[in-house]
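Reader: I'm new to this structure, and I'd like a close look at just one part of it. Could you pick a helix and walk me through how it sits among its neighbours?

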Amino acid sequence: MAVNAAGRDIPSSIPGYGEVRPYQGAFARVPEGFRAGGRLKAVNGSCRDKRLKDIEAAIVASGLKSGMTVSFHHHLRNGDYVVNRVMDACAALGIRDLTLFPTALFGVHKKLIDHIKSGVIRRIMGSVNGPIGQLVSEGGMDAPVVLRSHGGRPRAVAAGDVHIDVAFVAAPCADRYGNLSGAEGPGACGSLGYAFTDAQYADCVVAVTDHLRPYPIAPISIPQYLVDYVVEVDSIGDPAGIVSGTTRVTRDPLRLLISQYASRLIEASPYFVDGISFQTGAGGIPLAVTAFMKEAMKKRGIKGSFGLGGITGYFVDLLKEGLVEKLMDVQSFDLEAVKSIATNPNHIEISADWYANPWNGGAAVNMLDVVILGATELDRNFHANVNTEADGALLHGIGGHQDTAAGAKLTIIAQPLLRGRIPCVVDKVHSVTTPGEVVDAVVTEYGVTLNPRRTDLLEACQAAGNVPLVSVDELVDRAHRMAGPMDPVAQEERIVGVIEWRDGTVIDVVRQLKQKA
């Protein structure tokens, strides 16, 4: 057991995970060697149609065997049908002990629990939102779940930490030779950014589509030379399930106040100038911050260079009105964004590698000026937790939290001081997802709390005169008074989750919850 750079006790080896490389700092680990490669393949001129009759036929043709690794993307989010159908087919074919490597799993994937219990799925590396996360928290899997950020995942593949045997790509639109797009079809989801790395590195790539078009389709997201087989099904999913959280600006007065304070901080910062770049994402508070910034940009005559990340209709409006020049979209968060990416050339589809991989020639997050994030908890050291709830349950993935925090010049976590009676600012977070060294400010209804290392922001806020400042110690003390004493989380020693920092080092672990008598 050793203490890593985030102050967490980390064992040197974890059963089901292996040898641990402890987190040493946000930018401490330097990559070595070369990118891993996928299997060489050749298709002669006699093959002009890659279609197979069904998913079972594609599994057989792919060579998938027990013990291998299969991957999926989550652009259809809670509307996805493909993961469940593929796992059902694997079970029917007698394939077992699979490592599931999704970008994320949601409530719609609850039926995978049966495949976990029956031994079809042995291990999961990816975000486990909802019921599967609860199962993991209670010790329902033999091997710990491995959690990686949106940038950490393609880094792991490119570095050879993870080898994908077969990638299944839910494709809203495809042609018979394997060109794929997310911009068209009944299951249109916009960007296919999370599937790019899988298609590039997997030994075999199977496209599953419900909208087959004549060859060649246009536009093309993933080209034919990366795809081995195409399967047409009745439906890949329900696009209504794409919508992430709320896509409306909050009307709650408390949350509007938080959003207003966050906007004032951005305006006071040295980054609120022509060419500003930012990411705010979905959710009531981030959307309200976007709305406040929009008015401030109009008032000051400022135009942004680009909006990044998961794109919402509010960002689409900024693009239409000329308040940002480009949108760089790794995941379309709502149906307005899906429509925009299909029609506007300034709405650019990017891969997760391009978006956030720390081990490439320059990820897009490095060009961010400002990012607005949330968290379940933040502590006196500005460490942020987005993976576990106050009861210790592992219910959320990392997303781009680590990547954008590390890349942006100004990282703001905006949230209420309490959710219900649960404090969001605490002495010590239950799990560290994002280290305090890359978090610059937390904004609550009580004002703006700056990381002490950002003396430049303190001076800028003091000069602005309209940014209420409060220390982190004051916030924690206030939360204690308001919430009262909190019982510590009862947990076992057994590790059920491993939280990697985006460079592959281990920043924290999640332990099994102790069952109530």
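Author: Sure, let's start at the front end of helix α1, keeping in mind that this is a predicted model. Asp54 caps the N-terminal end of α1, with a side-chain oxygen 3.3 Å from the backbone nitrogen of Glu56. The helix itself covers residues 55-62, and its buried residues are Ile55, Ala58, Ile59 and Ser62. Why do they end up on the same side of α1? Around the axis they cover an arc of only 100 degrees, which puts them on that one side. The general rule behind this kind of pattern is that an α-helix has 3.6 residues a turn, so residues three or four places apart point the same way.

And what do the buried residues of α1 pack against? Their partners are one helix, α2 (82-92), and the strands β5 (51-52), β12 (166-171), β15 (204-209) and β16 (229-232). Then, just after α1, comes Gly63, with a positive phi of about 80 degrees.

For a side-by-side look, try helix α14, residues 472-483. It has twelve residues and reaches 16 Å from first C-alpha to last, close to the 16 Å expected at 1.5 Å a residue. Val472, Leu475, Val476, Ala479 and Ala483 are the buried residues of α14. Those cover an arc of only 95 degrees around the axis, so they lie on the same side of α14. Among the elements covering them are β22 (377-379), β28 (441-444) and β29 (447-450). Just after α14, Gly484 takes a positive phi of about 80 degrees.

Conventions. Residues are numbered from 1 along each chain as its sequence is written. This is a predicted model: local features need pLDDT of at least 70, side-chain atom pairs count only at pLDDT 80 or more; totals for chains, interfaces and linings use all residues. Side-chain values use heavy atoms; hydrogens and water are left out. Buried means under 20% relative accessible area, exposed over 50%, partly exposed in between (1.4 Å probe, protein chains only). Helices (H or I, at least four residues) and strands (E, at least two) are DSSP runs, numbered from the N terminus. The arc is that of the directions from the helix axis to the C-beta atoms. Contact means heavy atoms within 4.5 Å. A polar contact is a pair of N or O atoms within 3.5 Å; within protein, one must be able to donate a hydrogen and the other to accept it, and residues adjacent in sequence count only if both atoms are side-chain atoms. The expected span of a helix is 1.5 Å times one less than its number of residues.
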